[in-house]
Amino acid sequence: MVDGLFSALRLTRSEAGDEIVRTLPGNSAPATSWIGQPIKRVEDARLLTGRGTFIDDHPPVANVCHAAIVRSPHAHARILGYDVADALARPGVVGVVTGEDVAKSTKPFSVGVTAPVHYYCAATDRARFVGEPVAVVIARDRYLAEDAADAVRVDYEPLPVVTDPERALASDAPILHEAVGSNLAGHRRLVYGDPDRAFAEADVVIRERFRFPKYGSTPIETYGIIARWDPLDGILTVWSNFMGPFIMHPLTARVLGLPENRLRFIVPPDIGGSFGIKSSIYPYIALIGLCAMKTGASAVKWIEDRREHLLASSSGTDRIADRELAARRDGTVLGMRYRWLDNVGGYIRSPEPGCSFRPIGNFVGPYRFQNLEVDASVVMTNKSLTGPNRGYACGHLYFETEGMMDRLADRVGLDPAEVRRRNLIPAEAFPYRTPTGGLYDSGDYAAAFDKALEIARYDELKRERDRARAAGRYVGIGLALAVDPSVSNMGYVATALDPQFRAKPEYLPKSGAVDSATVKIDPLGRVTVVMGTTPQGQGHQTVVSQIMADELGVTPRDVTVVDEMDTFTRVWSISSGTYSSRFGSVGTSAAALAARKLKAKLVEYAAHLMEASPEALEFRDGAVRFRTGKGPSYSIKDLAGRAHWHTQSLPDGMEPALQATAVFGFTVSQAVDAEDRVNSSNTYGFIAEVMAVEVDPATAQIRILRYVTVHDAGTIINPMIAEGQIYGGALHGLGGALLEELAYDEDGQLLTGTFMDYLVPTASEAPEIDIAHVVSPSPLTTLGSKGLGESSSMTVPAVLANAVSDALAPIGVRITELPITPSRLWRLIREAKRP
Amino acid sequence: MDSGELAHVRLTVNGVPHEGRCPPRKLLVDFVREDLGLTGTHVGCEHGICGACTILVDGEAMRSCLMLAVQADGAQLTTVEGLARDGQLHPLQEAFREHHGLQCGFCTPGMLLTALDFLRTNPQPSEQEIREGISAVLCRCTGYHGIIKAVAAAAPVLKKS
Amino acid sequence: MKPAKFDYWAPASVDEALALLTRYGGEAKILAGGQSLVPLLNFRLSRPAALIDINRIPALAYIRAENIAEPGPAHGRPPTTEGVLTVRIGAMTRQRTIEFSPAIAERVPLLTEATRWVGHLPIRSRGTIGGSLAHADPSAEYPTVLTALGGSVVARGPKGERTIAGSELFQTYLTTSLAADEILTEVRLPAPPAGAGYAFEELARRHGDFALVGIAAVIARQGERCTMARLATSGAGPVPLRLRAAEEILERDGFGDAAIEAAGRRASELVNPDSDIHASADYRRHLAGVLTQRAIKRALTQATGG
């Protein structure tokens, strides 16, 4: 099966009509290739001049009213009643919606576990985290809405609070959901190979506990929603900066009791960053949608403010991880055990427990051990809710695994680079099926790792470190290797359910990763591409124009790319959207395939006009020509004019108009099997990093001396954009490692509720980075590209922690917890130095 | 004036006189966006840290979320919409485009005006000084690398002109 | 996050502003630079009945250097008949103006250096010295400079003007001894003796953040003898602290390594910092010692004195 996919010809398959489009080597490769060029972005002109259209700009409807959300000040409390009379009487108020309305008029959201957690778009019976919406005031403007929100009185009965996931599982812990009976939202124990035997046979067993903090990417633009309800048509139109996955569309329709084709999601052309965080806007879409449906407002607008974003948007989980590693004394890893407690907050909100299972296909990372046990518990506590965040669960995974590899190196007396080398999946093994069902499409991990070590001048760096150490300085080197999974296969979510449950006939399996593109040529021969992706700064318009230029022999500037999602007008499916770095592979493949479909049509049309056989013709340099190079040719413009103005000239049976739609789907996106194996992603890149740091013993401040990162993301379409993603991703990782934390006190109050305390890295904290690429094209995508968006957000916490641990090796301090603040590090150093 | 009255705000924005009326508590950033229809200036935090709302007031960079509209009565504002002239990008905008100094574009207006003011106070900055200068604005997309390069590239061009 | 309603006044004179303060009986707030107050308004943590905007009183912004016969009580030099050269700064002088003022750089360069630690340039474009002192954030830089230089402020109320020594101004977190009907109108900073060295050492989690701990040092020497040492803290307690006992070590024992170390140790014993999510009390205490040593050493490098 695997062999069939990777023959000498690169085969790709589009879902529509099960066509197989062969990409023969040498097929119309243009003289100058736009793919691979760092061309300037087409988006910049509008963004630089303040003419972007973000959700809060240019309201699409008139007479919009504004919502202000009343939020629970308690981390855990029963809601006894509401008094909104005063609020309703305030100037400019149009209506008030409370949790009572929500309970009456909406259904709870589907959750990805069997535990009966009732999660509504606002608190109904109880508030379960500080900031949970309890009511909404709608008024003429936001100022007046906030005034009236102040006047809403809610009667609370505070309940005991629990915020730590271990504490939440204790028998005497306060229970958040009575129907569930415990705070365990879900638990799975997954076993691959024979880990018990591996541990029994091991020469070396290492154990460590790690803590990963709760933090989120805090895009500078917050959530924004405009909802308009048309009662006569029964259509709810929602403009929002929701970027997918569009599985949330049917979820929301169901919650509001709307037929799915009466719920319209429109996404504006510009989104101010997301990094996964805007996936979780959908409960607010339901809430504001309900406000539009229930009040007399013609449209309701809600722009989340920063306080709300930090309180109640989304973040990664905080996790307690108990890791075990079994190895031979030569450093070969025989097996590992992962025991996780992931804290998803007051409710388990879809797509959790992706926090545990999103990376199931790459649970083993780049290493070839076959024996693995994963014991994953998903715990609810009185904190804000979690969801996809840049690097989704991989920051956690690699912080732990790469920390364990360093401990292994130390125990067996090997260099940390050597111990990793001994365990890497070799280049010959690709495409490689991991024990957990992942299919690593391509890669040469050893080569990429060697490149990183070479650029870092690893041996010399070690000598410098040893010299510094001898002089009493704390200098250290860290390494981190990671498999970069991109393009989620929706099937991974089902791993949260027991195989017996999945085997039931009424259970609908999940799988897939799909995207579409339409290429059309207008009467004057110009190319327009319509994408349904939802970029938040990744430069899709530019990248697609480069692909079109190569495919159709035009220049990128001549191509217009329309990239706005609208569930009424675009071809889409549940996996659609821009998240999980999927545009780089699915989106680009769809665009290229659509162009090729269109070219095939142009060839067929020209053949008819030239009374020649299509096999004698080819599309080259922007026109259909005889393969021999002799004779007439028809340019796109020639063909477009005829096709549009003179449909009689088309061959019999050919659809009029010059356009083609391609929907690209990965066939390797399959449902999880009965042994809990699933290829949770579709393309897998690789990252190898080296970092050198110095710790100031007086202040425990950390200075990054050197940072090298080598990425393999397959074919790179625009190197400038690719590099930008790496710099950005690295800084997200650095934020999590050193600065950012959504910290709560024992009462569940958020201590870092403003940007004064939630510390986002500034330019002063950004390190110099040496970036290099290696290219192992994916055999699964049309252009060989993989995703690149998560990038070093997944590895910087690991490489930095490893470097600091190495720096403090002389005093035996190892980092097991983040963020590494100077105060915490100083305490660790001081305690280590005590006799 | 009483809280319920409307302040009359007369000001010049990008060289063009404007006026409006608003309650005294209306923030300058909201006034610029809603009353003046200039949505290029963005709201990111409303407590003066992210810098997305930064505009020039009488030539100096200030956070418009920390000013009341009424405080700008009589002032000359420069917003991002005022940088390009006759369809030509300002050299700083050109440099951002050249060096990939933006991705989502949301912090960009604030970043541009902050950098502009910074370069006026320090026309020949070192890289470290540029880093410190633009630390006033938070960006979540670029990791700042492209922005630093852009400001460094623009500095000599602006110094000449 | 939009502010709650307030009445708004923009008086043209201090007297007008005072009359308004009195009229609102403690329910009005003075709006100076707004960099601290407006965030509180936006969060609705502060809901004054009225804002009295003093940005339109040009008479409140100035920088003058004069000899003043009555120096601030904590200056520590015997009063002379000529008085002490004092820089008088109007309360509404912008931090940005201070940053680029040659007069200040010449006479009280400690203030210039400290200003570079105050937030970022766009904040300094609006923030004022009077506002910073009246706000009294325990981690701010200007209160520490006032304390280190033995400065004072002038406050005007309905009964007239009074001078408040820096040591009397800061009472606890975000609280000064200014009365509810008073406005801080002027800051007076005595210039250190000619040849004195200075340093402001700060450690913050990010560039531009409030100090975890900051130390201001002014050192005057005559050869190896310390003729004057002034050390003051930021972020190490509810108000800035003069580290007098540490100063005395230098003034008594000079500038050898042992003395500087001892001064640093004493500094960490003198402070009583808080713990918060950014730093523990122990770490802050430790930092106070480290930064005191660093500040002394750096101030020394500039201190001339035959």
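## A walk from the C/B interface to strand 6

Start by selecting C:R96 and B:E60: their side chains form a salt bridge, with N to O at 3.4 Å. Keep in mind that you're looking at a predicted model. That pair belongs to a contact between chain C and chain B that counts four salt bridges. Turn on polar contacts too, and 16 residue pairs show up across this interface, both partners at pLDDT 80 or more.

Now colour chain C by secondary structure. Strand 1 (7-9), helix 2 (37-42), strand 3 (50-53) and helix 6 (121-126) each put at least two residues on the side that touches chain B. Zoom in on helix 6 of chain C, which gives that side its largest share, five residues. Colour the same side by class and you get 15 nonpolar, seven polar and nine charged residues.

Zoom out to take in the whole contact: 31 residues from chain C and 32 residues from chain B. Together the two chains bury about 2,700 Å², 55% of it on carbon and sulfur atoms. Select C:Y8, C:P122 and C:R126 next; these supply 20% of the area chain C buries against chain B, more than any other three residues.

Last stop: strand 6 of chain C, residues 152-157, where five of the six residues are buried. Follow the two-residue hairpin into strand 7 of chain C. Strands 6 and 7 of chain C (the latter 160-165) pair antiparallel over six bridges, and you'll find C:R156 opposite C:E161. Then bring up strand 10 of chain C (183-190), which runs antiparallel to strand 6 and is joined to it by five bridges. Pick C:V153 here, and its bridge partner in strand 10 is C:V187.

Definitions and conventions
Residues numbered from 1 in each chain as written. Chains lettered and ligands numbered in written order. Predicted model: local features only at pLDDT ≥ 70, side-chain atom pairs only at ≥ 80, totals over all residues. Heavy atoms only, no water. Contact = heavy atoms within 4.5 Å. Buried area = accessible area lost by both parts, 1.4 Å probe. Polar contact = N/O pair within 3.5 Å; in protein donor to acceptor, adjacent residues only side chain to side chain. Helix = DSSP H or I, 4+ residues; strand = E, 2+ residues; numbered from the N terminus. Nonpolar A, V, L, I, M, F, W, Y, C, P; charged D, E, K, R; others polar. Buried < 20%, exposed > 50% of the residue type's maximum accessible area, 1.4 Å probe, protein only. Pairing = 2+ DSSP bridges.
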